[in-house]
Amino acid sequence: MKKTISIISPVYNEGEGLRRYYEEMSTILANEAFAPYEVEVILVDNASTDDSARYLEEIAEKDKRFKVVFNARNVGVFASSFNALHYTKGDAVFLMVPSDLQDPPELMVDMLKKWEEGWLLVAGRRLQRQEPKIMQWLRLRFYKLMSQIADQTMEPGVGEYQLADRRLVDELLSIPDAAPFPRGMLAELGYKPYIIDYEWRAREWGKTSFTLTKLFRTAYDMTFSFSRLPLRLIMILGFVIAGISILFGLLQIVLYLIQGPVAGRGITTVITALFFFSGIQAVFMGIIGEYVGRIYQQTRYGRRVAIQRLLNFEEEEDRKAAE
């Protein structure tokens, strides 16, 4: 019985560019590297507002290897692609092969060969990017920052364009996370990937929906999902404020002994107590937040992506996969 390779491709307002995507993907799948396998391509439409649905229906009608999941609402590219994992059958899964073709699909051939050699995880790394210099600089700064503050090591330039063995996919699906970032989750699992460098292409059609605002939002979410540094900073700040208040109190005692009272009766005590207890409160809030954050990470899972309809998922198991 042939093994199966699953490919997940997120879609949002790609329109006629999906025809180009289908042509290139079909060419790659005709490569002899894919000949020994059954292949399924799961296209996940994230509630597109253009005519992408029409082109997706056209592809699904033409080629039964291409299955389509239509989200009822836009849930973001990461949650949308991660949800598609529930529908995959593959012995190995390409976690995200964007339909805009900026990440070269021909790299899948090399990634597949490395999986055949025994690597459980093969990752593409964006060594160069065909994008404005300011965006390159911002991405580089962010990845370097995350490598320093994250609770696990994240390889700069490595995104979701990765090939994962079914063993890893099952482990990913078992992680309780309602706002999944696969690259961070894979880093948490600790598997060492084989890395293949490539150049990230400029978009040839349409307009990217991943604006600067969304990039900052992604950075914000990743920081709070994979680093407890903000909580630690609050706790440290609490200790600093409490320490300063103690020093302030000692200074007032020294001044009182040297030159007598310099403020109204009780004012010094009130000021010192206010700063001290504010600092102590921040310490306790930081400590409590540290534990609440850990508990929250384990219990927040449960939000599912609402599916509007499916194409080419013929078996009952496929229909119920994400329930």
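Two strands are taken to pair if DSSP finds at least two bridges between them. In the predicted model, strand β2 (residues 38-45) meets this condition with β3, the two running in the parallel sense over five bridges. Within this pairing, V44 has V69 of β3 as its bridge partner. Strand β3 also pairs with strand β8 (residues 307-311), here in the antiparallel sense and over four bridges. In that pairing N71 stands opposite I307 of β8. The connection from β2 to β3 involves helix α2 (residues 52-62), and the three elements form a right-handed β-α-β unit.

The protein chain as a whole contains eleven helices and eight strands. Of its 323 residues, 46% are buried. Contacts between residues at least 6 apart in sequence join residues at least 24 apart in 85% of cases.

Strand β3 is mostly covered, with six of its six residues buried. Burial applies to both faces of the strand: F66, V68 and F70 lie on one side, K67, V69 and N71 on the other. For F66 the relative accessible area is 0%, and the residue is therefore classed as buried.

F66 also takes part in an aromatic pair with Y22, which is edge-to-face because the ring planes stand at 65°, over the 60 degrees that this class requires. The centres of the two rings are 5.0 Å apart. This pair connects distant parts of the chain, since Y22 belongs to helix α1 (residues 17-29) and F66 to strand β3 (residues 66-71), a separation of 44 residues. Y22 has a relative accessibility of 13% and so counts as buried, the cut-off being under 20%. The count of aromatic pairs comes to five.

Two arrangements of a charge over a ring were also found. The charged end of R309 sits over the ring of F70, at 4.1 Å from the ring centre. F70 is one of the buried residues of β3, and R309 falls within the residue range of β8. In the other arrangement, the charged end of R54 is placed over the ring of Y55, 4.5 Å from its centre. Both R54 and Y55 fall within the residue range of α2.

Helix α4 (residues 107-116) contains M108. This residue counts as buried because its relative accessibility is 0%. Leaving aside residues up to four places away in sequence, M108 touches I7, M25, I28, F34, F94, V97 and Y161. Of these, V97 is eleven residues from M108 in sequence, and the C-alpha atoms of the two are 8.9 Å apart. The helix is mostly covered, with seven of its ten residues buried. The buried set consists of L107, M108, V109, M111, L112, K114 and W115. After α4 comes G118, with a positive phi near 115°.

An unreviewed UniProt entry lists residues 233-258 and 270-293 under "transmembrane region". In the model, residues 233-258 are 100% helix and 0% strand, and the end C-alpha atoms of this span lie 37 Å apart.

How values were computed:
Residues numbered from 1 in each chain as written. Predicted model: local features only at pLDDT ≥ 70, side-chain atom pairs only at ≥ 80, totals over all residues. Heavy atoms only, no water. Phe/Tyr/Trp six-rings, centres within 6.5 Å; stacked < 30°, edge-to-face > 60°. Buried < 20%, exposed > 50% of the residue type's maximum accessible area, 1.4 Å probe, protein only. Lys NZ or Arg CZ within 6 Å of the ring centre and 35° of its normal. UniProt positions renumbered as here; feature names shortened; annotations may be inferred. Right-handed = clockwise from strand over helix to strand, strands pointing away. Contact = heavy atoms within 4.5 Å.
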